[in-house]
Amino acid sequence: MSPQTTGQDLQTSDKPLGRDDLARLVAKDIAPGSFVNLGIGQPTLVSNYLLPEQDITLHTENGMLGMGPEAVGDEIDGDLINAGKIPVTELPGASYFHHADSFAIMRGGHLDICVLGAFQVSATGDLANWHTGAPDAIPAVGGAMDLATGAKDVFVMMTLLTREGASKIVETCTYPLTGIGCVTRVYTDKAVFLTGPDGVSVRETFGCTFEELQELVPVPLKAAPAVER
């Protein structure tokens, strides 16, 4: 049984995490041997921090398995991009396939983890990440619904607060849903949250105490049991 923690035990950094530090943390938390899809936006950075010994196989929605880190300099090939149009590298054994086959991988339960961005995540793990509902917003769901329902675990990477200072972790999503009860873990600049039927637990905080975090988030929080990582 994991030892119980309290709010005072959770702070692991004296300042909020930047995008690259957060990507490094997500990469570290992905189990060896996993098949993983990285969504558009912050999640694409995770590929730069996966270690060869983790033996992670990256899938990209536009039809590639065995994607490597982001391409730079002479590595860039205009025909080799991920779903976010970012130039990427290929690892030994990489393969390419039709878009329909790529969606069959996503829908068929063959991905262990997908890492997605989000506009909102509810206390029970509902995900809203494709449309704000604003009249002038352009709906762009892409393969997010397929990933959210097809992957065994859904990790979210996002800033905790909107530009207006509102929490993106909410009691109930007010934006159109991508998936229901699908999110298991939320990585933000201020904390890592675990979500599910029993509500929201906090694994660790960055640059704030548990009590300060609770003031920012409008749902009840509890300290997650300590785990070996």
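1. Helix H1 covers residues 19–29, and the buried residues within it are Leu22, Ala23, Leu25, Val26, Ala27 and Asp29. The model examined here is a predicted one. Several strands contribute to the cover over the buried residues of H1, including S6, S9, S11, S12 (191–196) and S13 (199–206).

2. Strand S9, one of the elements covering the buried residues of H1, deserves separate attention. Of the five residues of S9 (residues 153–157), four are buried, so the strand is largely enclosed by the rest of the structure. Buried here denotes a relative accessible area under 20%.

3. The pairing of S9 may be described next. Strand S6 (residues 113–116) runs parallel to S9, and four bridges join the two. S9 is also joined by four bridges to strand S11 (residues 183–187), again in a parallel arrangement.

4. Phe155 illustrates both pairings of S9. Towards S6, the residue standing opposite Phe155 is Val115. In S11, Arg185 is the bridge partner of Phe155.

5. A further sheet should be noted. Three strands form an open sheet in the order S8-S7-S10, and their pairing is mixed. Strand S8 (127–128) and strand S10 (169–170) are the edge strands, each pairing on one side only.

6. Within the sheet S8-S7-S10, strand S7 (residues 120–122) and S10 run parallel and are joined by two bridges. Ser122 has Val170 as its bridge partner in S10.

7. As to the overall fold, the protein chain contains four helices and 14 strands. Its radius of gyration is 18 Å, close to the 17 Å that the globule rule gives for 229 residues, so the chain is as compact as a globular protein of that length. Along the principal axes, the C-alpha atoms fill a box of roughly 50 × 45 × 35 Å.

8. Burial and contacts can be stated for the chain as a whole. Buried residues account for 47% of the 229 residues. Among contacts with a separation of 6 or more, 61% are between residues 24 or more positions apart.

9. The surface and the charges complete the description. The protein chain has an accessible surface of about 11,400 Å², and carbon and sulfur atoms supply 54% of that area. There are 29 negative and 14 positive side chains, with the centres of the two sets 3 Å apart.

How values were computed:
Residues are numbered from 1 along each chain as its sequence is written. This is a predicted model: local features need pLDDT of at least 70, side-chain atom pairs count only at pLDDT 80 or more; totals for chains, interfaces and linings use all residues. Side-chain values use heavy atoms; hydrogens and water are left out. The radius of gyration is taken over C-alpha atoms; the globule rule is 2.2 Å times the number of residues to the power 0.38. Buried means under 20% relative accessible area, exposed over 50%, partly exposed in between (1.4 Å probe, protein chains only). Contact means heavy atoms within 4.5 Å. Accessible areas come from the Shrake-Rupley method with a 1.4 Å probe; for residues, only the protein chains shown count as cover. Lys and Arg count as positive and Asp and Glu as negative; His and the chain ends are not counted. The place of a charge is taken as NZ of Lys, CZ of Arg, CG of Asp or CD of Glu. Two strands pair if DSSP finds at least two bridges between them.
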